[in-house]
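Trainee: Before I rely on any descriptive term, I should like to see how it is justified. May we examine the model together?

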Amino acid sequence: MNDSFGDFNATQTAPAGAASSQKGEGIVPLVVKQIVDAPEGNIEMFGMQYAMACVVGIVRNIETSSTKITYTLEDHSGRIDAHYWLEEGDTLKAPEVMVNNYVKVYGTTRSQAGQKTLMVFKLLPILDPNEVCTHLLEVLNARYKAEDYQSKGGATGGTSYGGAGSIADFTASQSNAIVSGLDPKQQAVFQAIKGNVSEEGISRKELKAKFSHISSSELNNILDFMISEGHIYSSIDADHFICTM
């Protein structure tokens, strides 16, 4: 496999003056080089803004500290460090992965000391090698659909075109897939977190006041479950939450 995926940079063909301040939504499959070569700001592809990236790679190194675990991931296009932040007492909750095994990572991009990194919200071991090939096909599909969407005027404020396979449908299906399987209470809490627009996210205290019919222990279990599933993450501290989509 060659480096031809390097041409699929997530932002290099975005139109000048694209609204980088827009809040991204959904998840886009990428290869490492697309993340490394992308400029600062939201994950963007042909004018489409995304909240998170999905990357598949081999774990080449694991470094553990008291606050985080750093995984060095490698695919055919390059390497990137992915940081899984630990809360106090969370060491036993760390993903069970081994060096030289494939993993799938969902996360946002950051720059540290001039280098791009991934902030991990969910990390899953890959047990079926077909998932690696499937991911590369999804990367290609996302790129072509985004380019097609832009060519039809979508990225410049035009009407989103319908039909199966449109980039809007792709993003929606990714978002729906992330929240599938939640029971009614979990869905309600998730929507409350998603509906909060503050930078620090909604607090545990606010959620308890909003859902007074849910006991504190049950609410804590719901929040822990959604964090472990990658639906939400803690922001400024362990008691503030932001939706990943």
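Mentor: The discussion that follows concerns one helix, its start and its packing partner. The model is predicted, so local features need pLDDT of at least 70 and side-chain atom pairs count only at pLDDT 80 or more, while totals for chains, interfaces and linings use all residues. Residues are numbered from 1 along each chain as its sequence is written, and side-chain values use heavy atoms, with hydrogens and water left out.

Trainee: How many helices and strands are there in the chain?

Mentor: The chain has six helices and eleven strands. These are DSSP runs (helices: H or I, at least four residues; strands: E, at least two), numbered from the N terminus.

Trainee: What makes the span of α4 agree with expectation?

Mentor: The expected span is 1.5 Å times one less than the number of residues. For the twelve residues of α4 (residues 184–195) that gives 16 Å, and the end C-alpha atoms are 16 Å apart, so the two agree.

Trainee: Which residues of α4 are called buried?

Mentor: They are Q186, V189, F190, A192 and I193. Buried means under 20% relative accessible area, exposed over 50% and partly exposed in between (1.4 Å probe, protein chains only). The buried residues cover an arc of only 160° around the axis, taken from the directions from the helix axis to the C-beta atoms, and therefore lie on the same side of α4. On the other side of α4, P184 and G195 are exposed.

Trainee: Why is D183 called partly exposed?

Mentor: The relative accessible area of D183 is 35%, which falls between the two cut-offs, so D183 is partly exposed. D183 is found in the loop between α3 (167–179) and α4.

Trainee: Which backbone nitrogen atoms does the side chain of D183 approach at the start of α4?

Mentor: A side-chain oxygen of D183 reaches to within 3.1 Å of the backbone nitrogen of K185. The backbone nitrogen of Q186 lies 2.8 Å from a polar atom of the D183 side chain. A polar contact is a pair of N or O atoms within 3.5 Å; within protein, one must be able to donate a hydrogen and the other to accept it, and residues adjacent in sequence count only if both atoms are side-chain atoms.

Trainee: Why is α4 called roughly perpendicular to α6?

Mentor: α4 and α6 (residues 216–228) pack at an angle of about 70°, with their axes 10 Å apart. Angles of 65 to 115 degrees count as roughly perpendicular, so the term applies to α4 and α6.

Trainee: Which residues of α4 and α6 meet?

Mentor: K185, Q186, V189, F190 and I193 in α4 meet E218, L219, I222, L223, F225 and M226 in α6, where contact means heavy atoms within 4.5 Å.

How values were computed:
Axes are lines fitted to C-alpha atoms, for helices over the stretch in contact, and angles run from 0 to 180 degrees between N-to-C directions. Angles under 35 degrees count as roughly parallel, over 145 as roughly antiparallel, 65 to 115 as roughly perpendicular and the rest as oblique.
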